[in-house]
Amino acid sequence: MGLTVLMADANTAAKEPEVTPGLAANSIGFVDAVSIGLNATSPAYSLAACLGPIVLLVGVAAPGVLLASFVPMLLIASAFLFLNRVDPDCGTTFSWVTRAMGPWFGWMGGWAIAMTGVLVVGSLADVGVRFTLLMFGLDDLASNDVFVMGLAVVLILVMTWICVVGTELSGRIQTVFTLIQVVALLIFIGVALYKGVSGQGLPGAVTLSLDWLNPFAQGTAALTAGLLLGVFAYWGWESAVNLNEETTDSSSTPGRAAILSTVILLVTYLGTAIAVLMLVGPTFLADNADQEEMVFALIADEALTGFGWIVLLAVAMSAIASTQTTIIPASRTALSMARRTAIPAYFGQVSTKHRTPAVSTWWVAIIAIVWYVGVRFISENALFDSLTALSLLIAFYYALTGFACAIYYRKLLTKSVKGFVLIGVGPVFGGILLVWLLVMSVISMSNPANSYGGISWFGLGPPLVIGIFLFALGAIFMIIMRVANTPFWKERPTVVDPALVPASDGGTAS
Amino acid sequence: MTLAVGYDGGDSAQGALAVAISLAKDLGETLLIVCGVAPAGNVGEEYTATEDALVEAFAPMVSEAVVRAQDAGVDAEAILVDADPVGALETVMEERKPRMLVVGYGSSGRIRAALFGAVAPKMVDRSDVPVLVVP
């Protein structure tokens, strides 16, 4: 713990507090390090939310699409790793992009990252409530939209209150939750594969083929939509590589932990996708498409018969626990923007009683509830439309982070091969992949025939309308702040300080 | 030797500060006013910005506390620690070896204390030196 001596007597009290660099915060061991990346990705929730729509879009190519989506994620994670190294836990996309590319890009990046956090909360609460009800066998209540919506709003308020008062599940409990999720998914995969192989699958089940791992096997406009949802499924994984020196044995633990958590994530995602195809097949999903996230619950019951509740429990736990890992970063990004005068100072207020950014945290809840209830009322495929729109925002700010990394490090890129590949080419290529995905998805979504239910809003697919609405809202807010001409707009792009970068990556640090 | 008091500007901490000041005066000790400024929540993102905001919010409170002690004739020093309140007191205990800790019991009640943890019982549990809990 760092010790900061503020003032020796009242005469110096008015001075700006001197902050001496602190030692590493809570040291964490190998198992905890593995679980952090998994916990932030929330595999059980991600699968419950995304797997149905992905299979519906690309059929048996679902495992391949999930595999392919990981490529840009991996490249962007490299950008997070290197940006975090020169700006340790100071911030994320908002701080970095502002520093590398100036206030305009930084503002939109911050807006996107805060909005994604805000908008996913409703989906998390919805899934958490439905799967909890299903777990207790209350299937009728779980399919009663109004009842679920009411409970989900209560859940959002409770979880926000928990974030405001600053209590938090300890790292140990989060690790246990994560392990339960992974074990439940592995049991599901094992049983479903066994049933599939031994011919106990449903009539529509398909036989395993290597083609499943080829994302282009189905080669349609649906592919980009599938890949975009795949990016959503891995969203948060970058925290697995952001551990740095916080771990107990910093020379090898973070690297090994990141590799293991990646392997676990890929095995559970691909395994679950393959198991679902072998057990029930794509037709079952198409027939039950109107059930949205509930499809996963049906499949879990199909696979584990009397023990389906294990998977339901994992999904419910994953969704509810994730509200914290989503609300806290979203509120802190808002606070960070407020402190740099990018948004009104009002949002930067903190509670000294609870040591949390109380004002921005409550605003996260308010916007999340308005969004969740609104989308449920106006959209027939609310979950799918929201997640796809969210994925557009995620792809946007991930791409921005990838470019920011290379731009910020540009003076050091040619100093080492490793640096050139991992800091320059990799993140930029990841960014280009995501921009390509973004453009292809926008083109595809501008034709409503390609949307989930063939529904059209203003002649466009609903997720695209939602995405445009969110960007436009951000742009209006940004221009208002620009007109207010706050000091934030005088910030100018800089480059990384070579003294912060190890010599092996082209810097001058020893 | 010195006394250390946990202080966050709240009602309970005000009581603890008043007791600590009068005790330090009677014993002729100096006073360390300790405040934990780490943001609640261990998620790393935008951590520093949140902590800076907290330091700015706490700084005037602890300065005012130092002035109160000095007005009472006690030599006082404020310390902000990058930790939660319990961690802040533990750090000061190790690095400054105070003779005694003074903490407020808190006004949050038993249920909230059980759910969210309370500073006083934790310090009684962990401290190497006597802990004076002010009700």
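**Figure 1. Helix 17 of chain A, end to end.** Helix 17 of chain A covers residues 462-484, 23 residues in total, and stretches 33 Å from its first C-alpha to its last, close to the 33 Å expected at 1.5 Å a residue. Keep in mind while you look that this is a predicted model. Quite a few residues of helix 17 of chain A are tucked away: Pro462(A), Pro463(A), Leu464(A), Val465(A), Ile466(A), Gly467(A), Leu470(A), Gly474(A), Met478(A) and Met481(A) are buried. What do the buried residues of helix 17 pack against? Their partners are helix 5 (103-135), helix 14 (358-378), helix 15 and helix 16 (417-445), which belong to chain A too. A handy rule for looking at any such view: an α-helix has 3.6 residues a turn, so residues three or four places apart point the same way. Right after helix 17 of chain A comes Asn485(A), with a positive phi near 55°.

**Figure 2. Helix 4 of chain A, mostly under cover.** Helix 4 of chain A runs over residues 93-101, and 8 of its 9 residues are buried. Here are the hidden ones: Thr93(A), Phe94(A), Ser95(A), Trp96(A), Val97(A), Thr98(A), Ala100(A) and Met101(A). Which helices do they pack against? In chain A, the buried residues of helix 4 pack against helix 3 (62-86), helix 5, helix 13 and helix 15. Just past the end of helix 4 of chain A sits Gly102(A), and its phi is positive, about 90°.

**Figure 3. The loop between helix 13 and helix 14 of chain A.** Let's walk along this loop, starting with Arg340(A), which is found between helix 13 and helix 14 of chain A. Is Arg340(A) buried or exposed? Its relative accessible area is 19%, and buried means under 20%, so Arg340(A) counts as buried. Leaving aside neighbours within four places in sequence, Arg340(A) is in contact with Phe94(A), Ser95(A), Thr98(A), Arg99(A), Phe488(A) and Glu491(A). Two of those partners, Phe94(A) and Ser95(A), are among the buried residues of helix 4 in chain A.

Thr341(A) has its place in this loop too. Thr341(A) is not a glycine, yet its phi is positive, about 60°. With a relative accessible area of 24%, Thr341(A) is partly exposed. Further along, Arg355(A) also lies in the loop between helix 13 and helix 14 of chain A. Arg355(A) is another residue that is not a glycine but has a positive phi, about 60°. Its relative accessible area is 13%, so Arg355(A) is buried.

**Figure 4. The largest cavity and what lines it.** How many cavities of 30 Å³ or more does the structure hold? There are 5 of them, and the largest holds about 90 Å³ of space. Rolling a probe the size of a water molecule over the atoms shows where empty space is left. Around the largest cavity you'll find Leu119(A), Gly122(A), Ser123(A), Asp126(A), Trp371(A), Tyr372(A), Val375(A), Arg376(A), Ala382(A), Leu383(A) and Ser386(A). Helix 5, helix 14 and helix 15 of chain A each supply at least two residues of this lining. By type, the lining splits into 6 nonpolar, 3 polar and 2 charged residues.

**Figure 5. The largest nonpolar core.** The largest nonpolar core has 162 residues, and Trp107(A), Tyr398(A) and Tyr409(A) have the most contacts inside it. Which helix gives the largest share of this core? That would be helix 15 of chain A (residues 382-408), with 19 residues. Zoom in on Tyr409(A): apart from neighbours within four places in sequence, Tyr409(A) is in contact with Phe82(A), Leu83(A), Val86(A), Ile423(A), Val496(A) and Val501(A). Another core lies apart from the largest one, with 30 residues that include Leu17(B), Ala20(B), Val37(B) and Val134(B).

**Figure 6. A look at chain B.** Chain B is built from 5 helices and 5 strands. Reading from the N terminus, its elements go β-α-β-α-β-α-β-α-α-β. Of the 135 residues in chain B, 49% are buried. How far apart along the sequence are the residues that touch? Taking contacts in chain B between residues at least 6 apart in sequence, 74% join residues at least 24 apart. For one close-up, pick Val92(B), which lies in helix 3 (residues 85-96) of chain B. Val92(B) has 1% relative accessibility, so it counts as buried. Its C-alpha atom is separated by 18 Å from that of Gly9(B), 83 residues apart along the chain.

Methods: Residues are numbered from 1 along each chain as its sequence is written. Chains are lettered from A and ligands numbered from 1 in the order in which they are written. This is a predicted model: local features need pLDDT of at least 70, side-chain atom pairs count only at pLDDT 80 or more; totals for chains, interfaces and linings use all residues. Side-chain values use heavy atoms; hydrogens and water are left out. A nonpolar core is a set of buried Ala, Val, Leu, Ile, Met, Phe, Trp, Tyr and Cys residues joined through side-chain atoms within 4.5 Å. Buried means under 20% relative accessible area, exposed over 50%, partly exposed in between (1.4 Å probe, protein chains only). Helices (H or I, at least four residues) and strands (E, at least two) are DSSP runs, numbered from the N terminus. Contact means heavy atoms within 4.5 Å. The expected span of a helix is 1.5 Å times one less than its number of residues. On a 1 Å grid over the protein atoms alone, a cavity is a set of points where a 1.4 Å probe fits but cannot get out, and a pocket is an open set with protein on both sides within 12 Å along at least five of seven lines; lining residues have an atom within 4 Å of a point. Grid points are joined across faces, edges and corners, and a volume is the space filled by probe spheres set on the points. Ala, Val, Leu, Ile, Met, Phe, Trp, Tyr, Cys and Pro count as nonpolar, Asp, Glu, Lys and Arg as charged, and the others, Gly among them, as polar.
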